[in-house]
Amino acid sequence: MSTDNKIILPSIGKKRVINENFTSNKKSKNLQVTTKYFIKNSNNLNNVQPVKILREHYLRDDIPCSVKKCQLCQYDSGSADSKPILEDSDILSNNKNHIAVLDTNVIVNSIDMIENEKIFNNIIIPQTALDELKNLSFPIYKRLKSIIGSTELSDENKYKNISVFYNEFMNKTYCDRLPTESINDRNDRSIRKLAKYLDYHLNNNIKKNQSLNIQIVLITNDKLNLEKCKEIGVTAMNIYEYIDNLTNSEELKDMIPQYDLTADHKINDKDADVTKSSSEDFYDEYYPNSRISAGLKNGSIYQGNIQISEHNFLQGYVNVNSFPKPILIKGMKNLNRSFNSDVVAIELLPENEWQQESSYQVDSEHYDVNLNPDVNEDSEDANLAESNSVIISDKQRRLLAQEAIKQSKNNKNCVPTGKVVGIIRRSWRQYVGQIVEASVDEENNSGTNYQSCFVLLYDLKLPKVVIKTRRAVELMNKRILIGVDSWPKDKKYPLGHFIKDLGVVESRDAETEALLLEHDVEYRPFSKKVLQCLPEEGDNWKCPVDLKDPQEISKDPSLVKRVDLRDKLICSIDPPGCVDIDDALHCKLLPNGNYEVGVHIADVTHFVKPNTPLDQEGASRGTSVYLVDKRIDMLPMLLGTNLCSLKPYVDRYAFSVIWELDSNANIVNVDFMKSCIKSREAFAYEEAQLRIDDKNKNDELTMGMRNLLKLSKLLKQKRLDAGALNLASPEVKVYMDSETADANDVEIKKTFETNSLVEEFMLLANISVARKIQEAFPQTAMLRRHASPPKTNFDILNDMLTKVKDPNFKIILDSSKTLAESLDRIEDPNDSFFNTLVRILSTRCMMAAEYFPSGAHPYADYRHYGLAVDIYTHFTSPIRRYCDVVAHRQLAGAIGYEMLDLSHRDKNKMEIICKNINRRHRNAQFAGRGSIEYYVGQVMKKENESEKPKIETGYVIKMFHNGFQVLVPKFGVEGLIRLENMATDMKDVDFNEDQYTLTFKTEDKAMRTVRVFDKVDVEVKSVLDPITNKRTAQLLLK
Amino acid sequence: MSRFEFYNSQGLRIDGRRNFELKNFESSLTTTSNFNNFSRNSQSSTTYLQMGQNKILVNIDGPKEPTNSNKSKIDQDKAVLDININVTKFSKVNRQVSTNNNNSPDKQTQEWEFEIKRLFEKIIIMDSYPKSIINIAVTVLQQDGGILASIINCVSIALMNNSIQIYDIVTACSVGVVDQMHYLLDLNHLEEQFLTSGTIAVVGGSPTQNVEDANVCLLSFNDIFPLDLLDGFMMAGIKGCCTLKDIMVTQVKAMNINKLIEIQ
């Protein structure tokens, strides 16, 4: 619990027994509590003052062992899941039943194996190890916590039983730290003591006559620990021995992480390791922690999130607050083993080593793929300047920093360049990838030998990973899941291990699963615990016929506050085939000439009560994920598509926002209420449009819809006048064959006036709700903001526009209004798509919108830049977004319908929720795009078969030294056209970076110049990349 | 969010107690004055309470005739209570550097003084001591959560030790809520820092844990407290207070028997 820099005074506490204690539980009335306390004197870096830490530590003797067969332990019925769970079903090769006790180092290295269902089905985790783990790696701790308790395995009636033994609180297993002992040694000793105790407790308990014959096996990778276990007679093994002893050892061996191979002797042969290093090292050693923290303080080292360039995996950027532009990190040596989105410590290089941003396009896929993974070849990096080791003092570095700021303002060519000197936090997770065929030696495959091979990760911004496996040949052409273990400084590529085989490349299931895993989307079915929270009636659940029925009121006391709106003419308008209808509308002309407009949103929070497992699951999923062929729901089907869905002709609970609007669509009055509604009709966008346009229909519902349309146009105009942006992104829809579920056509999404009708009223509802909840909960209201983009984001786009198209073309960023106006001005009379293209490109320069609790920012920063409103939230889709669920609860609290749950009134908890849903939202978008990309590839593959080359119009959007990027609007795909595919002779190539032109000689010996924004004809072909096995659109210039 | 797990799946708290288990409670009578003056009019005797790691000294002076300086406060019909709390600078995690130089207590301490004064004015039978003043001096030597409850308990014991007439014994206990479901009694410093918590004081309630007789006489919350949790909070707190009363009564008895033996 304490780190080494804490000075610990000798313990002055004494154990003593007190006679009085109090528990509510009669069973343990005679329990004796012993107490021990200690005083620590600690120093941390930020606070020079000594700190007196005072903690009591009560030792007890009623900690249960959780073994089902044990007759001696008693369980506290009061607490959540304290019942015996451990079975003795795991069998060693010597036919003995056993239960494994894990040491910290095993958990850290083999967390993937613990999650696997073939091994470690009955284990005990000592509390000591859990505490150590928490300090060592919080993400792993969280993963472990999520599987503790029993989890159902795919095999029925079998469970994965993991229990924590709270050995620190048990008087028989607690150990004091000896004066000469290090904290790690003490922890190891207490784990050994626990194993010894359990062995005694279960097998040799003569006094109480218990002998269950269950072997306790302590698993640890620490040699010293193993030896000491032998001394005291505890069965202990390292992970290899253990797996060897299991009956199903063969299939498990591949999953052992590689880290262990070296870790073992690193502990013991530390001295030897130091001496032999230096000469073989591929990368520079990281600075020690003390130097980094000192450097961060005095301003010579900076800290930031590293973003690897999408076009060049050997180049990354770190955003540092004190610099106007991100700092460039270039070359493998300077990137120094960092992964994309790691938090790193960087140092600026001397000015003469500053470089330009590379205009080469480099993928990890095509970058020395043919290397032998076992050999550490030192191929000289083309981009990397020979580092001349100049020693710079901290003072000079600070001067350098000022220079760097000046530089980045004046000169656009040379950018301050830095170097990674330490990793503060790794972003390692599980990655999807596939084995590089070239690295596998097929002949040498006898099935028993391990061989190293490269795994190319799905995310091309990441380097290749070396794994050792015996099934390399078998795994070729398959998507696999791997974990990264370590990246020693003498290895060019990181080391990892195999976790799971997802299936053959290009099969729909494997690709979908890969996509979901890669974006960290939880796609497993809902657990039993979650499903138990649903109403018992299931599909037969109905709204009470009479809201005033006393019997119903006694069941749900807040029913009296619900308003009956079943007489209103409500309808819903959604995309065709929509099953989760979460919004409906109505409009009525009032006698005074104003309009009564209602937006009715599915009342999800009636079913999803706070702090239930259902709520927690929803909060952690954060959003539904829409793939082309699949929808990953945030809430169980029953709610999403039935009970909450505002289906037509049935009574449903809703949360209604009702405005009184005057004929100019100004809000006269707004009212919020929980209600009960009955939708008269569910329209698709097109249907609704037809109904409105149909002059013959003049019933009340149609009239209402016409009024809605009229009002929505007014609202839209108002919004545009205020400066709302009309940005574009190439959105396509994939049409699926209904029988084979294969994609067979792609089309850009069509929009109708009714799309915007619904959108406008949803925006209005969101804004009104945002105001209301912000008023009621000024610190914790769930809001959404969109920050204005920094000017530098538009530098390159503006430069391209003025130089290439028209000197008058300029995007002015003073406000969203000027931006919108300047976007309107940029118009090419010969090409109507050009405006859309610029809009697409400017969308990419924008900041991402984010959720936040209102206390996190001052009011002025609540602004939503894109919509040009001062306050905004998401309220209208609670079935598929968790933000809306929170907003619903807060609004219910604000109107006094029910008490707002505490977690939504706590600023810290709200911040955690927001952080999670922001991340989930982003991941869901990426997954959705990935899915579309895959299916567009499939469509193109089909069309390829028709032999005729497909010529499409494309636009050049970015230039490189060795090619250019082209966007094809028809498919919404982008692709790189490489120079080698177009030019015959590399010598004639002329790249003018200032003018964004690339001149080269084509096959028919004519010179050709390509400029950015050029409209080009390209041949679209779908190709399966031989190395990545990824289907990509290959474009050929015509 | 804090990384601490305040109430784990096996029902154990961060320091190894279960949710309704109280901290170690020990009180003793340390006196600087001589025992021979053991009477209502004795000069002073000091009560020391250690409740977990809370260490508190209470010194009661009086009832006595007011000195010149506070003669103006005198009441012809009943006694006047004067409470003074001194939280030592070394009692917390960090040594406090005071900003004000005239040594006046901070806002928090003033509030405690006020609350305790109001509470004990109703508990002590003030009519028995007309025209006199009772000085209660509290010194907090060390604190580890639930300090207000500890002070109230210690004052209560000190009143008994000093044979001042009271209607009944007051006991107090701090209560915290985890995850809006679990109630923890007698918080330590860490729990108090991160949880929604409050202090409850109870008078009455027989030693045999007859909860119905207990009357709540003080309820103090550290931050915004959700109304829907109040019921559970009160139940837990009252039970804790009743148990504390048992412990206090036995300890006071034992203490005073020792004292008697010493006197004889």
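Biologist: In this structure, which residues of H25(A) are buried?

Modeller: The model is a predicted one. Helix H25 of chain A covers residues 833-845, 13 residues in total, and its first and last C-alpha atoms lie 19 Å apart, close to the 18 Å expected at 1.5 Å a residue. Its buried residues are A:Leu837, A:Val838, A:Leu841 and A:Ser842.

Biologist: Within what arc do the buried residues of H25(A) fall, seen down the axis?

Modeller: An α-helix has 3.6 residues a turn, so residues three or four places apart point the same way. The buried residues of H25(A) line one face of the helix, because their directions, seen down its axis, fall within an arc of 130°.

Biologist: What covers the buried residues of H25(A)?

Modeller: The cover includes both helices and a strand of chain A. Among these elements are helix H23 (795-805), helix H24 (816-825) and strand S35 (950-960).

Biologist: Which residue of S22(A) does A:Gly483 stand opposite?

Modeller: Strand S21 of chain A, residues 478-486, is mostly covered, with 7 of its 9 residues buried. It pairs in the antiparallel sense with strand S18 (residues 430-435) of chain A over 4 bridges, and there A:Gly483 is the bridge partner of A:Gln430. Strand S22 (residues 495-504) of chain A also runs antiparallel to S21(A), joined by 8 bridges. In S22(A), the residue opposite A:Gly483 is A:His497.

Biologist: Which strands stand at the edges of the open sheet of chain A with the order S38-S39-S40?

Modeller: This open sheet has 3 strands with antiparallel pairing. Each edge strand has a single partner strand, so one side of each is left without a neighbour in the sheet. The strands in that position are S38 (990-992) and S40 (1007-1011) of chain A.

Biologist: By what angle are neighbouring strands of this sheet turned against each other on average?

Modeller: Strands of a sheet pair through backbone hydrogen bonds, either parallel or antiparallel. Here, with direction ignored, the average turn between neighbouring strands is 15°.

Biologist: In S40(A), what is the bridge partner of A:Thr997?

Modeller: Strand S39 of chain A, residues 997-1001, runs antiparallel to S40(A), and 5 bridges join the two. The partner of A:Thr997 in S40(A) is A:Arg1011.

Biologist: Which helix contributes the largest share of the largest nonpolar core?

Modeller: In soluble globular proteins, nonpolar side chains tend to be buried together. The largest nonpolar core has 114 residues, and those touching the most other members are A:Val101, A:Leu102, A:Ile107, A:Leu218, A:Ile219 and A:Ile482. The largest share, 7 residues, comes from helix H27 (residues 907-944) of chain A.

Biologist: How many residues are in the other core that lies apart from it?

Modeller: The members of this other core include A:Val608, A:Phe672, A:Ile773 and A:Met782. Its residues number 85.

Biologist: Does A:Gly299 count as buried or exposed?

Modeller: A:Gly299 is found in the loop between helix H11 (289-298) and strand S11 (302-308) of chain A. A residue with 12 or fewer C-beta neighbours within 10 Å is classed as exposed. Because A:Gly299 has 12 C-beta neighbours inside 10 Å, it counts as exposed.

Biologist: How many residues of H2(B) are buried?

Modeller: Helix H2 of chain B comprises residues 147-161, and its end C-alpha atoms are 21 Å apart, which agrees with the 21 Å that its 15 residues should span at 1.5 Å a residue. H2(B) is followed by B:Ser163, whose phi is positive, near 55°. The helix is mostly covered, and its buried residues number 15 of 15.

Key: Residues numbered from 1 in each chain as written. Chains lettered and ligands numbered in written order. Predicted model: local features only at pLDDT ≥ 70, side-chain atom pairs only at ≥ 80, totals over all residues. Expected span 1.5 Å × (residues − 1). Buried ≥ 20, exposed ≤ 12 C-beta atoms within 10 Å, placed from the backbone. Arc of directions from axis to C-beta. Contact = placed C-beta atoms within 7 Å. Pairing = 2+ DSSP bridges. Axes fitted to C-alpha atoms, helices over the stretch in contact; angles between N-to-C directions. Core = buried A, V, L, I, M, F, W, Y, C linked by C-beta atoms within 7 Å.
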